[in-house]
Each structure stands twice: as C-alpha cells, then as structure tokens.
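These are my notebook entries from a session with one structure. I went from overall make-up to charged contacts, and then to backbone geometry.

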Protein chains: 2
Amino acid sequence: MPEFKSVNEFRLNGGKYFVPSVSIDCVIFGFHDNQLKVLLLKVVNYHGWGLPAGFIYKEEDIDAAAQRILQERTGLHDIFLQQFYIFGNANRCDNNITKIAFDNLQIKAKPNNWLLQRFLTVGYYALVDFKTVNASHDIFSEEFEWHDIDCLPTMAMDHGQIVQQALLTLRTHLRYEPVGYNLLPEKFTMPELQKLYETILGKKLDRRNFQRKMLSYDILKRLKQRREGVAHKAPYLYSFDLKKYSTALKDGFQSAW
Amino acid sequence: MPEFKSVNEFRLNGGKYFVPSVSIDCVIFGFHDNQLKVLLLKVVNYHGWGLPAGFIYKEEDIDAAAQRILQERTGLHDIFLQQFYIFGNANRCDNNITKIAFDNLQIKAKPNNWLLQRFLTVGYYALVDFKTVNASHDIFSEEFEWHDIDCLPTMAMDHGQIVQQALLTLRTHLRYEPVGYNLLPEKFTMPELQKLYETILGKKLDRRNFQRKMLSYDILKRLKQRREGVAHKAPYLYSFDLKKYSTALKDGFQSAW
C-alpha cells in the first residue's frame with residue numbers, strides 16, 4: 001500500500017489506488033459518565049470538523065476498509081463497526097473538503113481530479129467507552145476531539161447529517177439488540193443501566209417499565225451483592241450474562257417475534 | 001438521458017453517463033395468498049437470473065435512481081423502496097454478468113470497460129402485493145418471474161445473498177415497524193394477519209402472544225362486523241387504523257423505548 005508524505009500529494013495523486021466515487025465515514029460514539037459524544041477530526045487546510053473518513057483500496061473488502069480507515073485516522077482498533085447507511089444525494093459533494101482546501105491553498109487541480117468528483121459515502125458506526133480509548137490523528141488532521149452530540153461544531157459537507165442518522169440507527173438498534181457491555185462497569189445497578197438508555201435515547205424512561213423490559217430480555221444476572229454506601233435501600237447489582245448477551249447480539253432479543 | 005438501442009451498446013458505451021463503481025439492486029418481495037416470492041429477471045446472454053438492477057446517473061440522487069431503475073426494468077412505479085445494505089466484498093464481481101455475456105458473445109471489450117470493473121452495490125427492498133402489480137421487462141432481460149424465496153433458480157453473482165440479506169432486514173423491521181397494509185384485504189382476521197407474519201418469518205407463532213403483541217402496537221381497529229360463513233365461533237374482523245399505522249411507520253412502535 002502506498003504511503004503519502006503529505007495531504008496534498010494524496011489529494012493530487014491518490015486516486016489510482018482506490019475504488020472511485022465511494023468513501024467511508026465512521027461515526028464513533030463515546031459514552032462515559034452518562035455523556036454521549038462523537039469523535040471528530042479537525043481537517044488540515046479546512047475550517048471545519050469531519051468524521052474519520054477514507055477510501056477503499058481496489059482489492060479491499062469494504063468492511064476491512066472501514067476498520068483500516070478508523071485505525072489510520074485515529075489509532076483505534078478492534079472496534080465493532082456496523083455499516084448503517086449509504087449517503088448518495090447528488091449535491092452532497094458540491095462544496096467538498098478537497099475543493100475548499102485547494103481554494104485555500106491556491107492549488108489549481110485538474111477538473112478530473114479524483115477528489116473533486118461526486119462521492120457516495122458509506123456510514124459505519126460504533127459505540128465505545130471513550131475513557132478507555134487512546135485516539136491519535138494522522139497527517140490529514142490537525143487534532144481530534146470528542147464533541148457533545150447536542151452541540152456539534154461547524155461540520156464538513158453532510159457530516160452533521162451523517163451523525164444524526166447514526167444516532168437514529170443506534171436508537172433503533174436499542175429496540176432489538178443489547179447495548180451496554182464495555183460501556184458500564186462490570187457490576188452496575190438498574191438505575192445506571194437506565195441512565196445509559198436515557199442518554200442514548202435523549203429522554204427519560206419510566207423506572208418500572210424499564211426494569212420489566214430489561215429483565216424480559218434475559219441478558220442480566222442479578223448478583224447477591226448490593227451497592228454499598230447508599231443512604232436508603234441499597235440497590236441490587238447486576239452484570240451481563242455474556243453468553244446470553246452474545247446470543248442476543250447475534251439473533252436479536254428472544255422477546256421479539 | 002441517453003437511450004440505448006441494444007444491451008451491448010449499453011455495455012460498451014454506457015459508462016460515461018453513470019457514477020462509476022456503484023450499482024443498485026432491487027429486491028421486490030411479493031406477498032399474496034400466504035406466499036412470499038421475489039421478482040427476478042432472466043438476463044440477456046447469460047445463463048442465470050438476477051435482481052432488477054442498474055446504475056446512478058452522474059447528477060441523480062441515489063433514491064431517485066433506485067425508483068427509476070425499478071420502473072425501467074419492470075414497469076413498477078410508486079413502490080416504497082427502502083435502502084438496506086451496501087455489498088462491497090472485493091471479489092463479488094469476479095464473474096460478473098457482463099464478463100460472462102461478452103465471453104458468450106465473443107465480444108472483445110477493453111480491459112478498462114466500465115462494467116468489467118469492481119462494483120459495490122446498494123440493496124433496496126420493497127414488499128408488495130404481487131397480484132396487483134403488472135411487471136414487464138426491458139431490453140436487458142428475456143423475461144421476468146416471481147420466484148419462491150425458498151427455491152431460487154441459478155442466480156447471478158451474489159444476488160442470492162442479497163435476497164437473503166433483504167429477508168433478514170424485513171424480519172428485523174417486523175420488530176419495530178408495522179407491515180401488512182396493501183398486502184391484506186381491507187378487513188382481515190387476526191389469524192390472517194398472523195399468517196402474514198409467519199410467512200415472512202418462516203416459522204409458526206403462538207396465537208395468544210401474537211394477538212397480545214399486535215394489539216399492544218395500537219394500530220388495529222376491531223370492527224363490529226365478524227367474519228361470516230365460518231362454522232364455529234366467527235372471528236372478529238380488523239382493519240388498520242391508517243393514521244396510527246403511518247405514525248408507527250415513521251416513529252416505530254410506541255411499545256418500544
């Protein structure tokens with residue numbers, strides 16, 4: 001695989017290595033201490049922030065490309081990425097990052113430059129504990145930062161919309177897939193689990209309904225131990241039954257059809 | 001938009017009009033009389049069957065392209081198509097339809113022919129009442145036919161896999177979206193609705209659980225009228241509450257989080 005010494009070398013000559021017209025954007029949600037954030041990169045020679053993004057080598061499977069891109073751009077690896085949507089409006093690249101960067105740098109590129117063409121982009125998302133990941137950035141970015149999903153900075157192209165669509169997908173997945181392992185401590189209380197769901201959904205849930213529904217999924221083990229150091233009634237501790245959790249992740253919840 | 005007089009003119013010279021590397025495949029499920037089928041086309045100069053497929057014009061939105069392709073290839077229009085997956089394994093085009101057709105016809109195409117390159121394909125699906133649709137076919141196909149999903153003929157490339165993935169998606173959508181309007185008669189019994197679900201899911205469901213769950217979705221109206229001409233206890237008739245049905249289609253079921 002070729003190495004590029006500068007962003008502009010890549011922007012001018014990278015095209016021959018990649019599948020044309022298709023890019024990949026990764027929406028990495030971070031959760032910790034009841035906050036939901038998204039990982040953004042400040043793009044070189046550009047005024048705004050973007051998602052970790054890249055292209056597919058001509059001989060590369062698309063899922064492998066998504067993993068590689070995330071690793072190259074942010075240092076993150078072994079992240080469970082799920083494809084969620086392809087964004088293909090004709091006008092989504094009218095003011096693309098490369099065009100604006102070339103204008104800013106007064107680079108005259110050929111009109112058939114690969115990055116000045118229309119691109120469709122495939123969105124992938126993941127949900128990680130953002131305190132446990134060590135992100136870094138490569139030559140394409142000046143910095144990376146976790147941003148609150150309710151308060152995104154100036155975003156490149158349709159990247160803000162891509163984040164919103166990923167969030168809608170995550171909320172839909174909550175309906176039939178387990179979420180929470182790796183985000184919560186090994187032992188947690190029902191209110192802590194409820195907080196995770198409420199943060200993702202962006203709304204309050206009824207305590208009793210939540211407990212009834214979560215228990216019906218049959219992925220939790222109630223531990224004998226209770227949470228210590230609590231003034232009133234000490235709440236039960238739970239942990240995920242990892243075998244049942246993985247089965248539910250693969251097949252969906254039993255309580256569904 | 002250009003018109004092509006023959007398939008081979010299109011195969012040789014069509015490339016300049018389309019976004020490179022990306023195709024669209026439509027999985028049209030047909031349901032009627034408790035049968036689930038999929039619409040396939042017999043491709044010209046090729047030994048197998050394929051999905052209605054095509055390409056995206058350079059200035060065209062992807063969703064508009066999907067609608068146009070379905071209409072051009074099959075005559076179907078106003079079908080509610082949903083994007084469900086992008087298929088992007090590197091080897092999915094190793095034996096693509098054009099390559100085999102060129103070999104069959106002893107056409108020597110240039111190695112950089114647009115259709116001999118690697119393509120990613122975006123899958124769209126729809127579920128329609130197949131007795132009410134009048135499909136036809138265009139110059140790219142010899143015939144069209146509804147095939148039983150359990151018994152597909154020899155399929156082009158990864159089209160069999162695309163059908164399976166669409167079916168999995170449809171089953172997942174059953175968990176949080178209403179299904180059935182336009183597939184059932186205006187008035188139907190609970191066992192008739194259950195049959196629809198069982199056909200899509202490919203398994204038997206418990207009668208009481210089904211009824212409880214369906215009613216909890218709050219999209220049905222129970223009518224005063226009962227089914228006539230039934231020997232024993234006459235079953236209630238239901239119809240969809242279309243206002244609630246549309247809301248649920250947009251927002252998902254209330255009974256979810």
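**Entry 1. Overall make-up.** I began with chain A, whose secondary structure amounts to seven helices and nine strands. The model is a predicted one, and I read the values below with that in mind. I looked up the extent of the C-alpha trace of chain A and found about 70 × 35 × 30 Å along its principal axes. I then checked burial: 53% of the 257 residues of chain A count as buried.

**Entry 2. Annotated span.** I consulted the UniProt record, an unreviewed entry, which gives the feature "domain: Nudix hydrolase" at residues 21–169 of chain A. For residues 21–169 of chain A I noted 22% helix and 35% strand, with the end C-alpha atoms 24 Å apart.

**Entry 3. Salt bridges.** I searched the whole structure and obtained 18 salt bridges over all chains. I looked at three pairs and one network in detail.

The first pair is A:E142 with A:K42, whose side chains meet at 3.5 Å, N to O. I located A:E142 in strand 7 (residues 141–148) and A:K42 in strand 2 (residues 35–43) of chain A, so that this pair links distant parts of the chain, 100 residues apart. Are the two partners buried or exposed? A:E142 is partly exposed, because its relative accessible area of 43% falls between the cut-offs of 20% and 50%. A:K42 counts as buried because its relative accessibility is 15%, under the 20% limit.

The second pair is A:R73 with A:D138, a salt bridge of 3.1 Å, N to O. I placed A:R73 in helix 2 (residues 62–74) and A:D138 in the loop between strand 6 (120–129) and strand 7 of chain A; the pair therefore ties together parts that are 65 residues apart in sequence. I recorded both A:R73 and A:D138 as buried.

The third pair lies in chain B, where the side chains of B:K244 and B:D218 form a salt bridge at 3.3 Å, N to O. B:K244 belongs to helix 7 (residues 242–251) of chain B, and B:D218 to the loop between helix 6 (207–216) and strand 8 (220–226) of chain B, so parts 26 residues apart in sequence are tied together. I found B:K244 partly exposed at 37% relative accessible area, and B:D218 partly exposed at 41%.

I also noted a network: A:E60, A:R68 and A:E72 are joined by salt bridges that share partners.

**Entry 4. Positive patch.** Which residues gather in a patch of positive charge on the surface? I listed A:R207, A:R208, A:R222, A:R226 and A:K233. Helix 6 (207–216) and strand 8 (220–226) of chain A are the elements that give two or more residues to this patch. I singled out A:R222, which is found in strand 8 of chain A. A:R222 counts as exposed because its relative accessibility of 52% is over the 50% cut-off.

**Entry 5. Positive phi values.** I looked for residues other than glycine with positive phi and recorded two, A:N45 and B:Q106. Phi of A:N45 is about 60°. A:N45 sits in the loop between strand 2 and strand 3 (49–50) of chain A, and at 23% relative accessibility A:N45 counts as partly exposed. Phi of B:Q106 is near 55°. I traced B:Q106 to the loop between helix 3 (97–105) and strand 6 (120–129) of chain B. B:Q106 is exposed, with a relative accessible area of 70%.

Key:
Residues numbered from 1 in each chain as written. Chains lettered and ligands numbered in written order. Predicted model: local features only at pLDDT ≥ 70, side-chain atom pairs only at ≥ 80, totals over all residues. Heavy atoms only, no water. Patch = residues over 30% accessible without salt bridge, like charges linked within 9 Å, V, L, I, M, F, W, Y side chains within 5 Å. Areas by Shrake-Rupley, 256 points an atom, 1.4 Å probe, with all protein chains shown as cover. Salt bridge = Lys/Arg side-chain N within 4 Å of Asp/Glu carboxyl O. Lys, Arg positive; Asp, Glu negative; His and termini not counted. Charge placed at Lys NZ, Arg CZ, Asp CG, Glu CD. Helix = DSSP H or I, 4+ residues; strand = E, 2+ residues; numbered from the N terminus. Buried < 20%, exposed > 50% of the residue type's maximum accessible area, 1.4 Å probe, protein only. UniProt positions renumbered as here; feature names shortened; annotations may be inferred.
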